[in-house]
Amino acid sequence: IAECESQVGGGSLPLERIKSVSVVIKPGNISVSSLEEMMHGFTPAIVARTAEDAIWMDVRTLDCEDFETIGDLLGGVC
């Protein structure tokens with residue numbers, strides 16, 4: 001878990017940022033790019049940001065049930 005800044009969105013505030021928190025995954029068994037590619041192939045696909053040799057998922061973009069789904073999909077991968 002790490003603090004981050006999220007982009008508010010496009011439209012009238014394309015550069016505006018707000019403070020948020022991310023779940024950060026630093027895989028030990030595979031590369032970050034391999035994990036990211038694997039996540040894109042899941043059903044449902046998991047799309048996250050990569051930075052600092054890690055996968056960052058902003059909790060502002062997740063629903064409560066998403067945590068269980070992500071845990072199930074990633075269990076044992078990293």
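## Val 8 and its surface patch

Val 8 counts as partly exposed because its relative accessibility is 37%, a value that falls between the 20% bound for buried and the 50% bound for exposed. This is a predicted model, so what follows describes computed geometry. Val 8 sits in the loop that links strand E1 (2-7) to strand E2 (17-25).

Val 8 has company on the outside of the protein: together with Leu 13 and Ile 18, Val 8 makes a nonpolar surface patch of about 210 Å².

## Two buried serines

Let's turn to a pair of serines in the strands. Ser 6 belongs to strand E1, and it counts as buried because its relative accessible area is 3%, under the 20% limit. Which residues does Ser 6 touch, leaving aside its neighbours within four places in sequence? The contacts are Glu 16, Arg 17, Ile 18, Ser 20, Asp 58 and Arg 60. One of these, Ile 18, is also a member of the nonpolar patch with Val 8 and Leu 13.

Ser 22 is part of strand E2. Is Ser 22 buried or exposed? With a relative accessibility of 1%, Ser 22 is buried. Setting aside its neighbours within four places in sequence, Ser 22 is in contact with Ile 1, Ala 2, Cys 4, Trp 56, Met 57, Asp 58 and Val 59. Asp 58 therefore appears in the contact list of Ser 22 as well as in that of Ser 6, where contact means heavy atoms within 4.5 Å.

## The largest pocket

Asp 58 turns up again at the largest pocket, whose space comes to about 380 Å³. The pocket has a lining of 21 residues, and those nearest its centre are Val 47, Ala 48, Met 57, Asp 58 and Thr 61. Met 57, like Asp 58, is among the contacts of Ser 22.

Which element gives the largest share of this lining? That is E1, with four residues. At least two lining residues come from each of E1, E2, E4 and helix H2 (64-74).

## Backbone features worth a look

Most residues other than glycine have a negative phi, and most peptide bonds are trans. With that in mind, a few spots in this chain deserve a closer look. The peptide bond running from Thr 43 to Pro 44 is cis, and its omega is near 0°. Pro 44 is located in the loop between helix H1 (32-41) and strand E3 (49-51).

Further along, in the loop between E3 and strand E4 (54-58), comes Glu 52. Its phi is near 55°, positive in a residue that is not glycine. Asp 53 is found in the loop between E3 and E4 too, and Asp 53 also has a positive phi, of about 55°, without being a glycine. How do these two side by side residues fare for accessibility? Glu 52 is exposed, with a relative accessible area of 64%, and Asp 53 counts as exposed at 64% relative accessibility.

## An exposed asparagine

To finish, have a look at Asn 29, in the loop between E2 and H1. Asn 29 counts as exposed because its relative accessibility is 59%, which is over the 50% limit. How far apart are the C-alpha atoms of Asn 29 and Ile 70? They are separated by 18 Å, with the two positions 41 residues apart along the chain as the spacing.

Methods
Residues are numbered from 1 along each chain as its sequence is written. This is a predicted model: local features need pLDDT of at least 70, side-chain atom pairs count only at pLDDT 80 or more; totals for chains, interfaces and linings use all residues. Side-chain values use heavy atoms; hydrogens and water are left out. Patches are made of residues with over 30% relative accessible area and no salt bridge: like charges are joined within 9 Å, nonpolar side chains (Val, Leu, Ile, Met, Phe, Trp, Tyr) within 5 Å. Accessible areas come from the Shrake-Rupley method with a 1.4 Å probe; for residues, only the protein chains shown count as cover. A salt bridge is a side-chain nitrogen of Lys or Arg within 4 Å of a carboxyl oxygen of Asp or Glu. Buried means under 20% relative accessible area, exposed over 50%, partly exposed in between (1.4 Å probe, protein chains only). On a 1 Å grid over the protein atoms alone, a cavity is a set of points where a 1.4 Å probe fits but cannot get out, and a pocket is an open set with protein on both sides within 12 Å along at least five of seven lines; lining residues have an atom within 4 Å of a point. Grid points are joined across faces, edges and corners, and a volume is the space filled by probe spheres set on the points.
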